[in-house]
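Open the model in your viewer and keep the selection tool at hand. The tour below goes stop by stop.

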Amino acid sequence: MKMASQIKSSADFDCKFKIIPMKNIYNNKKYLFELFINKKSIYALKSIKNCRTIFDKYLQNNYELDIIDIYEQPEKTIKEQIIAIPTLIKKSPLPEVRLTGDLSDTEKVVYELID
Amino acid sequence: MKTETKITLEQVVPEINISKKKLEKTPTGIKGFDEITYGGIPKNRPTILVGGSGTGKTFMSMEYIINGAMIFNEPGLFMTFEERIEDLIVNALTIGHDLEKLISEKKIFLDHLNINNNEIHEVGKYNIDGLFVILDQAIQKVNAKRIVLDSFDTLFSNFDTRILRSEFKRLFLWLKEKKVTAIITAETGDTFLTRLGLEENVADCVIELNNRLNNQIGTRRIRIVKYRGAFHSNNEYPFTIDEKGMTVFPVINQSIDFKIVNEKISSGLKSLDEMLENKGFYLGSSILISGTAGTGKSSMSMIFVNSVCKNNLSCLFCAFEESPNQIIRNMELIGIDLMPLINSNKLKFYHAIPTLLNLELHFMAIKEEIEKTKPAIIILDPVSNLITEGPNSDIRIMLTQFIWYLKTKKLTVMFTAAITLNSISLNQNDEGISSTVDTWIMLQDVDFFNKRINTLEVKKSRGMSHSKLKKEIKISSNGITLLPLVVKENGVQLHSINISESKQQNAYQYKSDDLNENGKSD
């Protein structure tokens, strides 16, 4: 009963988390991305464009985007074990995140990668 | 128009070289499998191998690759998405294949594609060109002609099936263009054949594996669901996996018109031979000795064995009830000494507890023993003990196929079974077993006052005019003797030897042996 009286005020337990945007945590670190595409594929141009638009808006110049054609650099494709293309990999900062698709789902891209 | 009425054997059973003209096939080298597909899986086309977990998908596909490298000189690529390469090498060693050696000889390339699906997030449309790049590189490494992708479900478990449908088609077309013969494994699904429910539409050949449990004994089975552009057997075939690899059972023999032998072999009992045209059984035929417990089935078969071995033929006795030592002791009581036969290697025993293995494995083991010792006669004592091993329809199919196998090998086989007229009326399958054999000898016990008499009759014997008489069978220390029965007007069967007894009762009459012999009498 004593315990119950102690918890009567819900305000005691009401922790308020301060939401810090991810980019602030990694503020001084540069974002490194790798985008695996097939140049001949219809999704190639689309994904590059989408990448640029999103990164320019959210990361300004604080990023580096490496575009890799899977047929030109098969060793890298095998090393990273890329099955579906386009695939965008966030190499740095860790953790590594992989996004598959033409990145048209902007909201999800931003959520998974940046914020 | 002239109509073709004559159907040749080739039309019924297509020969391999007929279908070869239409569609090239890649032999898998798996025992029995190439027979049921008339040559293997379609060449340069993808085949889907579907089955639940633990049905042997990986095992079968691994054997396909190993056989390709070792027997057919076709390099292979094994791409796994599930197991680690080290594990695969260890697994292959258990069936006696040194994968590491084959890898170093550039005959096989193992690749493990680690799919960590948790890291993949879908953001828009995509295709699977990356897989093509990876596969292409791997194919080039050994110039692979055979490919295995194990398994599809792991590879695409987190992908959107709507996008995958078109991508599957592309993958299959790509594999065809690459001119590789691929096996792709997939899990069995609930509503569709495969879990993803789309591969079977685009595949040229679909093979299903399953592992069913019946009366506590599991049986692996294989079925060809679909095979574009070729004949195939529609049946489900049992198969086994052991240290020698995968074996589909039974091995179908293409030829039905095997040679028939007209020679005969004595049953070991002169009086029984007399009932069978004075000669005995046909060589290469199947003989069933049925009867209730204690009517002398085993003794009958042992007398046959004894006479066969004395004619310098070898014999394989498969005992499922008694141990060899027990048989030897028991046979001494009826005056048969088996030891010299065993010592001269004429008589071999195969004995096993029926419940130890399932039926296919028993037959496999017996077949192996046959290949090794090459006997002329095989005794299965009793075959009804094996019936407990599975549903009765199963054993019937199995037995029929086993008999066919023995017939093509020109072996004489003798079964004993606890089948009686009563059991047939209770269990239709018993009659089924008896209809598959050539000669059926039935032993029965008849109650006569307070005495039990064992009788013998030849129920059927294909290709000869056998006696229709019932005889009394008497087992003593001198062996087995057959005695004629006497029938009185009112139809009561009489124990012929006890003339004194019958004279005492003064109710029966005795007729001479000669009159009743061979059914010549009235």
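Start with chain B, coloured by secondary structure. In this predicted model, chain B has 21 helices and 25 strands. Chain B runs to 522 residues, and 42% of them count as buried. Now look at how the chain folds back on itself. Take the contacts in chain B between residues at least 6 apart in sequence: 69% of these join residues at least 24 apart.

**Stop one: the core**

Select Ile108(B) and Val305(B). These two have the most contacts inside the largest nonpolar core, which has 137 residues. Which domains feed this core? Domain 1 (9–248) and domain 2 (264–473) of chain B each give at least three residues to it. Colour those two ranges separately to follow them.

Stay on Val305(B) and show what surrounds it. Leaving aside residues up to four places away in sequence, Val305(B) touches Cys315(B), Phe317(B), Leu347(B) and Ile379(B).

**Stop two: where chain B meets chain A**

Bring chain A into view. How many residues does each chain put into the contact? Chain B supplies 18 residues and chain A supplies 28 residues. On chain B, select strand E6 (120–122) and helix H7 (129–142). Each of them supplies at least two residues of the side that touches chain A. H7(B) gives the most, with 6 residues. Next, colour this side of chain B by residue type. You should find 8 nonpolar, 6 polar and 4 charged residues.

**Stop three: three strands in a row**

Select strand E21 (residues 451–461) of chain B, then strand E22 (residues 471–476) of chain B. The two run antiparallel and are joined by 2 bridges. To see where they meet, pick Leu456(B): it stands opposite Lys471(B) in E22(B).

Now add strand E23 (residues 479–484) of chain B. E22(B) pairs with E23(B), again in the antiparallel sense, over 6 bridges. Which residue of E23(B) is the bridge partner of Ser476(B)? Pick Gly479(B) to see that partner. Between E22(B) and E23(B) lie 2 residues, and the two strands form a hairpin.

**Last stop: a helix with little cover**

Select helix H5 (residues 85–94) of chain B. Is it well covered or hardly covered? H5(B) is hardly covered: of its 10 residues, the buried count is 1. Step past the end of the helix to Gly96(B), which follows H5(B). Check its backbone: the phi of Gly96(B) is positive, near 80°.

Terms used. Residues are numbered from 1 along each chain as its sequence is written. Chains are lettered from A and ligands numbered from 1 in the order in which they are written. This is a predicted model: local features need pLDDT of at least 70, side-chain atom pairs count only at pLDDT 80 or more; totals for chains, interfaces and linings use all residues. A nonpolar core is a set of buried Ala, Val, Leu, Ile, Met, Phe, Trp, Tyr and Cys residues joined through C-beta atoms within 7 Å. A residue is buried if 20 or more other C-beta atoms lie within 10 Å of its own, exposed if 12 or fewer, and partly exposed in between; C-beta atoms are placed from the backbone. Domain bounds come from an automatic or database domain assignment. Two residues are in contact if their C-beta atoms, placed from the backbone, lie within 7 Å. Helices (H or I, at least four residues) and strands (E, at least two) are DSSP runs, numbered from the N terminus. Ala, Val, Leu, Ile, Met, Phe, Trp, Tyr, Cys and Pro count as nonpolar, Asp, Glu, Lys and Arg as charged, and the others, Gly among them, as polar. Two strands pair if DSSP finds at least two bridges between them.
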